[in-house]
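I sat down with this model today and went through it spot by spot. Here are my notes, in the order I looked things up.

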Amino acid sequence: MLTETASQTAGPYLHIGMMPAAAGLDVAWGQGWNVLAGPDTQGRRIRLEGIILDGTDSVVRDAMVEIWQADGNGRYPHPEDRQDKAGDGAFRGFGRTAADFQTGLWWFDTIKPGAVQGRHGTVMAPHVNVAIFARGINIQLNTRIYFADEAEANAKDPVLRLVEQEKRRETLLARLEERQGQPVYRFTVHLQGELETVFFDV
């Protein structure tokens, strides 16, 4: 009797090309992308950190996380952002990091983004756009991180209001911890299960 050939999840190979130091390669380029706030960056400096859990609540240790966010004034550092507000030329807005292979922890040193003007004049609460890459994920997962201490702004956010269940909206909130005088926002991504993070089609 013939039996099915065993399968193995492919990848991720992205560390080799996009985060070579994480893959053990002695390559200087592409590193330091998890520090978005330089010495001249304006705004409230924060650390954004978290872990990614799979459907069995096991830590995903081979993930890569990318973020894209507005500066402290709520303006994206991109020519397509035509908001009538000053931008911060010392802030690039894009970050990339690999989860620690031992702990699964990923982090960014950045600034808390300002509120962004959305379509039709609506105002979006401060948030960070996130893309998650990992083994078994053929197309990256896209989500947002909002800040739990921005309750009033979150209640008016047009994207958060599309998520009908309050319990589901809570999967998009980062919680503030004060650590040695530094504000740290902690965010856990659940890929599956009862607490599955809300993901977006973009």
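**Before starting.** I am working from a predicted model, and I number residues from 1 along the chain.

**Aromatic pairs.** How many aromatic pairs does a search of the whole structure find? I got 4. I picked out the one between Trp33 and Phe94, which is edge-to-face, with 5.8 Å from centre to centre and 70 degrees between the planes. Over 60 degrees counts as edge-to-face, so that label fits the 70 degrees here. I then checked where the two partners come from. Trp33 is in the loop between helix 1 (14-18) and strand 1 (45-53), while Phe94 belongs to strand 3 (residues 94-98). They are 61 residues apart, and the pair links distant parts of the chain.

Next I wanted to know how covered the two are. Trp33 has 30% relative accessibility, so I put it down as partly exposed. Phe94 comes out at 24% and is partly exposed too.

**A charge over a ring.** Which ring does the charged end of Arg47 sit over? I found it over the ring of Trp107, 3.9 Å from the ring's centre.

**Thr41.** I stayed with the loop between helix 1 and strand 1, since Thr41 is found there as well. Is Thr41 buried or exposed? Its relative accessibility is 7%, so I wrote it down as buried; the cut-off for that is under 20%. I followed its side chain and noted two polar contacts with backbone atoms. One goes to the backbone nitrogen of Gly38 at 2.8 Å. The other goes to the backbone oxygen of Ala90 at 2.9 Å. I also listed what Thr41 is in contact with once neighbours within four places in sequence are left aside: Leu36, Asp88, Ala90, Phe91 and Ile111. Ala90 turns up in that list and in the polar contact above.

**The largest pocket.** I looked up the volume of the largest pocket and got about 500 Å³. It is lined by 17 residues, and the closest to its centre are Met124, Asn129, Arg144, Val159 and Val202. Which strand gives the most to the lining? That is strand 8, with 3 residues. Strand 8 (141-147) is one of the strands supplying at least two lining residues each, along with strand 5 (116-117) and strand 7 (127-133).

**Leu173.** I moved on to strand 9 (residues 173-179), where Leu173 is found. At 18% relative accessibility, Leu173 counts as buried, because the cut-off is under 20%. I compared sequence and space for Leu173 and Ala148: they are 25 residues apart along the chain, yet 5.2 Å apart from C-alpha to C-alpha. Ala148 is also among the residues Leu173 touches, not counting residues up to four places away in sequence. The others I noted are Tyr146, Phe147, Asn154, Arg186 and Phe187.

**Positive phi.** Last, I checked backbone angles. Asp57 is not a glycine, yet its phi is positive, at about 65 degrees. I located Asp57 in the loop between strand 1 and strand 2 (64-69), and with a relative accessible area of 52% Asp57 is exposed. Gln180, also a residue other than glycine, has a positive phi near 55 degrees. Gln180 lies in the loop between strand 9 and strand 10 (182-190). What relative accessibility does Gln180 have? I read 85%, so Gln180 goes down as exposed.

How values were computed. Predicted model: local features only at pLDDT ≥ 70, side-chain atom pairs only at ≥ 80, totals over all residues. Heavy atoms only, no water. Phe/Tyr/Trp six-rings, centres within 6.5 Å; stacked < 30°, edge-to-face > 60°. Helix = DSSP H or I, 4+ residues; strand = E, 2+ residues; numbered from the N terminus. Buried < 20%, exposed > 50% of the residue type's maximum accessible area, 1.4 Å probe, protein only. Lys NZ or Arg CZ within 6 Å of the ring centre and 35° of its normal. Polar contact = N/O pair within 3.5 Å; in protein donor to acceptor, adjacent residues only side chain to side chain. Contact = heavy atoms within 4.5 Å. 1 Å grid on protein atoms, 1.4 Å probe; cavity = no way out; pocket = protein on both sides within 12 Å on 5 of 7 lines; lining within 4 Å. Points joined across faces, edges and corners; volume = space filled by probe spheres on them.
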